[in-house]
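Me: Please take one part of this model and look at it closely, starting from a single pair of residues and working outward. I would like the terms explained as they come up.

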Amino acid sequence: MLITDDFLPVPVPESLDATYLVPIVGLPKVSPKTAVEGLAGRLAEPVHGLARQMLDSPLMTVDTRPVSEFPELPPDLLTAFGATEAQLARLAAATHLVVVQAEYRPGWPPAHEWAARAVAAAVAETVDGDVVDVFGLQFLDPAAALRSLPDEQGRIRLVDWVLVPYSSDADGLWFTTKGLRRFGLLELQAQGVPDHLTRAWGAVMTGAARRLLRDWTEGLAGEEVPAFVQLPVLATVTGHDIAVAYGNPEQHGATAPVLLRLELDPATDPDADSFLTLNPPPGHPGPPGRYFAAACATLFNGIQPDVRYARSGDAMSRAIATARAALDDIRARFLAGGLPAESQLVVKYGLPGDDGPEYVWAGVTSWDNPERIVGASASDAAGDPTVRIGAPVVVEAADVVDWAVLDGTGVIEGGWTQAVLDAGEPPIAE
């Protein structure tokens, strides 16, 4: 095994497994094989065929057992990862659990995860029930579980498989990933992240996970499973990595890359997880949080991904009026292909909220109708859980308060309201 200062040898597990549960009342009336056959035409290949093949092999088991045979799933953790009261109530009322388990070698595709999730979703549909992802301690409705599986081109959204929880410590925020171990890779962590970067750094962690997972699976591409995969010590993360992880590869492609240094942090407790820690690159002065903030600014092209609520005022009113007066012109240039090469048009619009509108940015993908803009969100909304980085959005032109043209250096045109905010016009809340 070759070990150099440029690469970090990361151990590879011998095999991987996935477990999904379907809580039900009574016994299932449809067999797993029949349930999976019902997905024909709805589930892309090769996943549909993969699920059928694994059902007929010793690599997958599907059992129905009384709930009493299992330890109670922790409701507090399920709630923390998004469980609703209705889902918890259905779990409490269940008499049996359909247990779907699959095993496979490390590598791509992760057949154990794709097949087990497909079978569990198929079974859950037949009983109008839920899927419980045991690894992530998450409830999934069957439709969401099926949407998370690969499309006809084999593409997935990594955010459907990897979560990025965080907590506070003495030095700031501690971020970890939860989901990379599905693929055999160690989870990532970052410490000392400034408090105001919660949404932005979560997106950066997701982009870093995507980049390292690609390197990881490339290292597993041979016929034999190696004992170690050599990952680059200096990982390069781009806005494109973030966009692909969120399912929108056409977005954020013009951003400059940032470097993050990988360090293996082995667990001292045999029952605890080891991590790959993300650090600033060698030679960076100052605390890690300063570099993390600079990395977010680079990856998001100078447009703050954190939500800002702009107060009314003369400067802000003038900025909005200026932006709106130029909307027709920028639309015409966008449609004519008249924007600079390798640039991105984004618009800022208001979402209704209890404390007034919340203003967020979206990258424009099409603008055929002058009254309606189709795009992808450039940030997570604080007040609307459906608006997440990379998620598709439809914006009414009447709601637009600003626009900007971005390239790898940041804003090259527009962005008048952002300039007012950056100049010190105080927001109501951040």
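Reply: In β6, Asp133 has Gln138 as its bridge partner, and this pair is a convenient place to begin in what is a predicted model. Residues are counted from 1 along each chain as its sequence is written, side-chain values rest on heavy atoms with hydrogens and water left out, and local features need pLDDT of at least 70, side-chain atom pairs count only at pLDDT 80 or more, while totals for chains, interfaces and linings use all residues.

Strand β5 (residues 131-133) is joined to β6 by 3 bridges, the two running antiparallel; strands here are DSSP runs of E with at least two residues, and helices are runs of H or I with at least four, numbered from the N terminus, while pairing requires at least two DSSP bridges between two strands. Both strands belong to an open sheet of 5 strands, ordered β3-β4-β2-β5-β6 with antiparallel pairing. Because β3 (60-66) and β6 (138-140) stand at the edges with a single partner strand each, one side of each is left without a neighbour in the sheet. On average, neighbouring strands of this sheet are turned by 25° against each other, direction ignored.

Helix α5 packs on this sheet and touches β2 (16-24), β3, β4 (96-104), β5 and β6, a contact being heavy atoms within 4.5 Å. The direction of α5 makes about 10° with that of β2, where axes are lines fitted to C-alpha atoms, for helices over the stretch in contact, and angles run from 0 to 180 degrees between N-to-C directions.

The helix also leads to the interior, as the largest nonpolar core has 82 residues, and Met60, Leu188, Trp201, Trp216, Leu276 and Phe300 are those with the most contacts inside it. Helix α5 (residues 111-126) supplies the largest share of this core, 11 residues. Such a core is a set of buried Ala, Val, Leu, Ile, Met, Phe, Trp, Tyr and Cys residues joined through side-chain atoms within 4.5 Å, with buried meaning under 20% relative accessible area, exposed over 50% and partly exposed in between (1.4 Å probe, protein chains only).

Leu276 shows what such packing involves: leaving aside residues up to four places away in sequence, its contacts include Leu8, Val10, Leu188, Leu231 and Leu262, and also Glu187, Gln189 and Glu263. Apart from this core lies another, of 20 residues, among them Leu345, Val360, Val364 and Val405.
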